[in-house]
Amino acid sequence: MPALIPERVMVCMSSSASAPIVIRTGARIAGRLGARWYAVYVETSSELPERIKASDLSQLQRNLALAEGLGATVVRVKANRPADGLIAFAQREGITHVIFGQSARTRLEILMKGSTLNRFLEEVKDAAVQVVPL
């Protein structure tokens with residue numbers, strides 16, 4: 001009988017006002033699985049403490065506090081692109097379930113800049129990915 005792989009849930013967090021929906025979904029899934037879960041926030045160059053807008057910073061702090069309050073291990077990763085930080089963390093920690101919030105970007109923006117979700121799916125093959133409609 002193969003050894004059981006412990007379930008590990010990663011919630012992709014942001015400074016968005018809709019992030020609490022994603023955080024609560026992640027907490028529910030982790031609870032159902034009896035899994036350890038992480039709320040991962042990727043700090044890009046545009047969101048460095050000296051650059052982030054005050055309104056985004058206060059929303060981010062509320063989101064981080066909510067995740068901690070619901071039992072997440074909050075992780076801040078530095079990367080040039082969100083996908084790079086999320087992929088590296090998921091691979092390093094053996095993440096089995098990932099929760100993304102649906103992007104508000106247009107198809108054109110996704111074509112021009114690429115999609116964090118699409119890059120993640122290309123690189124991380126062994127995790128279940130759920131996209132939460134916002």
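# Notebook: sheet, helix H1 and salt bridges

I began with a residue pair: Val11 stands opposite Ala39 in S2. I then counted the links between the two strands and found that 6 bridges join S1 to S2, which run parallel. I note here that the model is predicted.

**Entry: the sheet.** I looked up the strand order next. The open sheet is formed by 5 strands, ordered S3-S2-S1-S4-S5, and the pairing is parallel. Which strands stand at the edges? They are S3 and S5; each has a single partner strand, so one side of each lacks a neighbour in the sheet. I also took the twist: on average, neighbouring strands of this sheet are turned by 25° against each other, direction ignored. On this sheet I found H2 packed, touching S1, S2 and S3. The direction of H2 makes about 140° with that of S3.

**Entry: helix H1.** I checked the length of H1, which covers residues 19–33. With 15 residues, H1 reaches 21 Å from its first C-alpha to its last, close to the 21 Å expected at 1.5 Å a residue. Which residues of H1 are buried? I listed Ala19, Pro20, Val22, Ile23, Thr25, Gly26, Ala27, Ile29 and Ala30. I then asked what covers these buried residues. The cover includes strands S1 (8–13), S2 (36–43), S4 (97–101) and S5 (128–132), and also helix H2 (54–69). Just after H1, I noted that Gly34 takes a positive phi of about 65°.

**Entry: salt bridges.** How many salt bridges does the structure hold? I have 7 on record. I looked at three pairs and one network.

Lys78 and Glu43 form a salt bridge, and their closest N and O atoms are 2.4 Å apart. This pair links distant parts of the chain, with Lys78 in strand S3 (residues 73–78) and Glu43 in strand S2, 35 residues apart. Is each partner buried or exposed? Lys78 counts as exposed because its relative accessibility is 62%. Glu43 has a relative accessible area of 3%, so I entered Glu43 as buried.

Lys53 and Asp56 meet through their side chains in a salt bridge, at 4.0 Å from N to O. The cut-off is within 4 Å, so I kept this pair as a salt bridge. Lys53 counts as exposed, because its relative accessibility is 53%. Asp56 has a relative accessible area of 23%, so Asp56 is entered as partly exposed.

Glu93 forms a salt bridge with Arg92, and the closest N and O atoms of this pair are 3.8 Å apart. Glu93 is partly exposed, with a relative accessible area of 24%. Arg92 has 56% relative accessibility and therefore counts as exposed. Which residues are linked with this pair in a network of salt bridges? I found that Arg8, Arg92 and Glu93 are linked in one.

**Entry: confidence.** I checked the pLDDT last. The protein chain has a mean pLDDT of 91, and 98% of its residues reach 70 or more. Where is confidence lowest, and where highest? The lowest is in helix H4 (residues 107–113), at a mean of 75, and the highest is in H1, at 97. As a general caution, predicted coordinates should not be read in detail where pLDDT is low.

Definitions and conventions: Residues are numbered from 1 along each chain as its sequence is written. This is a predicted model: local features need pLDDT of at least 70, side-chain atom pairs count only at pLDDT 80 or more; totals for chains, interfaces and linings use all residues. Side-chain values use heavy atoms; hydrogens and water are left out. Helices (H or I, at least four residues) and strands (E, at least two) are DSSP runs, numbered from the N terminus. The expected span of a helix is 1.5 Å times one less than its number of residues. Buried means under 20% relative accessible area, exposed over 50%, partly exposed in between (1.4 Å probe, protein chains only). Contact means heavy atoms within 4.5 Å. Two strands pair if DSSP finds at least two bridges between them. Axes are lines fitted to C-alpha atoms, for helices over the stretch in contact, and angles run from 0 to 180 degrees between N-to-C directions. pLDDT is the predictor's confidence in each residue, from 0 to 100.
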